[in-house]
Amino acid sequence: MKIAFCCTGTEPAPWLAGLRAALPQAQVELWQAGASPADYAVVWAPPQQFFDEQRQLKAVFAIGAGVDALLKLRLPSSASFVRLDDAGMAVQMAEYVCHAVIRHFREFDVYAADISQGHWTVHPSQHRADFPVGVMGLGVLGQRVAQALTHFEFPVNGWSRTPKQLDGVRGFHGGDQLDAFLAASRILVNLLPLTAETLGIMNRTTLSRLHPGGYVINVARGAHLVDDDLLALLDSGHLAGATLDVFRTEPLPPAHPFWHHPKITMTPHTSARTLRETSIAQMVGKIAALERGERIAGIVDTSRGY
Ligand code: NAP
Ligand code: GLV
């Protein structure tokens, strides 16, 4: 069995060592132009040339959960495309989103500013019932996030393409129920995949439907958000703030207004990192299952886009 590794922006040596240790019977190679055909591939942002040359792949494993960039390429029809299925990301996403929600709800930034000015000021308590959180996308990550938020007793709404029943989460689904979902939410968490249907889904119209004093947490993809619409709603006061981990262009260009906006908190696409060892273990388990002719979880529906 031959495995080609082609991950742009990733130091290959520890991945190659990990894959070779886990699959001693396989030939694991860093892909180079003109390489012989492989059976499986491990990829992130590969060049089009990779798929133009590797036409016999049985399966392609992305080392992330989102496959929007991969699906823009011309792909070999022989292969299945497999995304990371949690692999340690869900708990990271839950801690990131809960942190952002609680930081906003408990006004930790307000207290930090007070303390930095030498002010000992106790502000009136806010009521959890006034901060319903809406989670857009109830997949591997969104479900974990929604459930984590219920442990802090926030009212939680969830929106997905197909109906979902999750303990403590009020479910909405489909385009017809998007407005009702937004109108029931004050804090909006985005965990949708980026597809033709979800591109620009957080815009002036949709964000205006959140409760006054709404708050946006975008941890999925930058192109879900219309940047100027967010800025306009922050400046009008309809939105109280935003925590953003993902951006249309990454790294965020130095002149972008998000950098210095007083109501925006940013991190550099770090909310749920790929954990190498856990990811290798997951991919190796799936390769073994495929070799036995078994079905595996995490296969991307390329027509649906996720
Ligand atoms: P997933 O398991 O594929 O779940 C996607 C969810 O979105 C599903 O609940 C799906 O509904 C829903 N959905 C898709 N299209 C929809 C539509 N048109 N309308 C309503 N709901 C729709 O994905 P995941 O593993 O949770 O990951 C979500 C995204 O997070 C990834 O695609 C990636 O972009 C992002 N991500 C970001 C980071 C980071 O560090 N910032 C890390 C990992 C992932 P159904 O359940 O009905 O199919
Ligand atoms: C990261 O953004 C991922 O999709 O895994």
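In the predicted model, ligand 2 is surrounded by W44, G64, A65, G66, M89, R221 and H269. This shell is made up of 3 nonpolar, 3 polar and 1 charged residues. Oxygen atoms of ligand 2 take part in polar contacts with backbone and side-chain atoms. A backbone N or O atom of A65 is placed 2.7 Å from an oxygen atom of the ligand, and for G66 a backbone N or O atom likewise lies 2.7 Å from an oxygen atom of ligand 2. From R221, a polar side-chain atom lies 2.8 Å from an oxygen atom of ligand 2. Ligand 2 on its own exposes 190 Å², of which the protein buries 84%.

The shell around ligand 1 contains 30 residues, and R83, L141, T162, K164 and Y306 come nearest to this ligand. By class, the shell divides into 15 nonpolar, 9 polar and 6 charged residues. At least two shell residues come from each of α3, α5 and β7 (156-160), with α5 giving the most, 3 residues. Polar contacts to ligand 1 include both backbone and side-chain atoms of the protein. A polar backbone atom of R161 is 2.9 Å from a nitrogen atom of the ligand. The side chain of K164 places a polar atom 2.7 Å from an oxygen atom of ligand 1, while a polar side-chain atom of D245 is found 3.0 Å from a nitrogen atom of ligand 1. Taken alone, ligand 1 has 940 Å² of accessible area, and the protein covers 93% of it.

The largest nonpolar core comprises 32 residues, and L149 and V189 have the most contacts inside it. Each of α3 (89-105), β6 (133-136), α5 (140-151), β9 (187-190) and β10 supplies at least two residues of this core. The largest share comes from α3, which gives 10 residues. The surroundings of V189 were examined further. With neighbours within four places in sequence left aside, V189 is in contact with V97, V133, G134, V135, M136, V145, I217 and V219. Another core, of 26 residues, lies apart from the largest one; among its residues are F181, L182, F247 and I264.

Helix α8 spans residues 227-236, and its buried residues are D227, D229, L230, L231, L233 and L234. The elements covering these buried residues include α7 (204-208), β10 (214-218), β11 (239-244) and β12 (264-266). The helix is followed by G237, which has a positive phi, near 95°. H238 is located in the loop between α8 and β11. This histidine counts as buried because its relative accessibility is 18%, under the 20% limit for that class. Excluding residues up to four places away in sequence, H238 touches L207, S208, L210, H211, P212, G213, G214 and L233. Among these contacts, L233 is also one of the buried residues of α8, and α7 (204-208) is among the elements that cover the buried residues of the helix.

Definitions and conventions
Residues numbered from 1 in each chain as written. Chains lettered and ligands numbered in written order. Predicted model: local features only at pLDDT ≥ 70, side-chain atom pairs only at ≥ 80, totals over all residues. Heavy atoms only, no water. Near = heavy atom within 4 Å. Polar contact = N/O pair within 3.5 Å; in protein donor to acceptor, adjacent residues only side chain to side chain. Areas by Shrake-Rupley, 256 points an atom, 1.4 Å probe, with all protein chains shown as cover. Nonpolar A, V, L, I, M, F, W, Y, C, P; charged D, E, K, R; others polar. Buried < 20%, exposed > 50% of the residue type's maximum accessible area, 1.4 Å probe, protein only. Helix = DSSP H or I, 4+ residues; strand = E, 2+ residues; numbered from the N terminus. Contact = heavy atoms within 4.5 Å. Core = buried A, V, L, I, M, F, W, Y, C linked by side-chain atoms within 4.5 Å.
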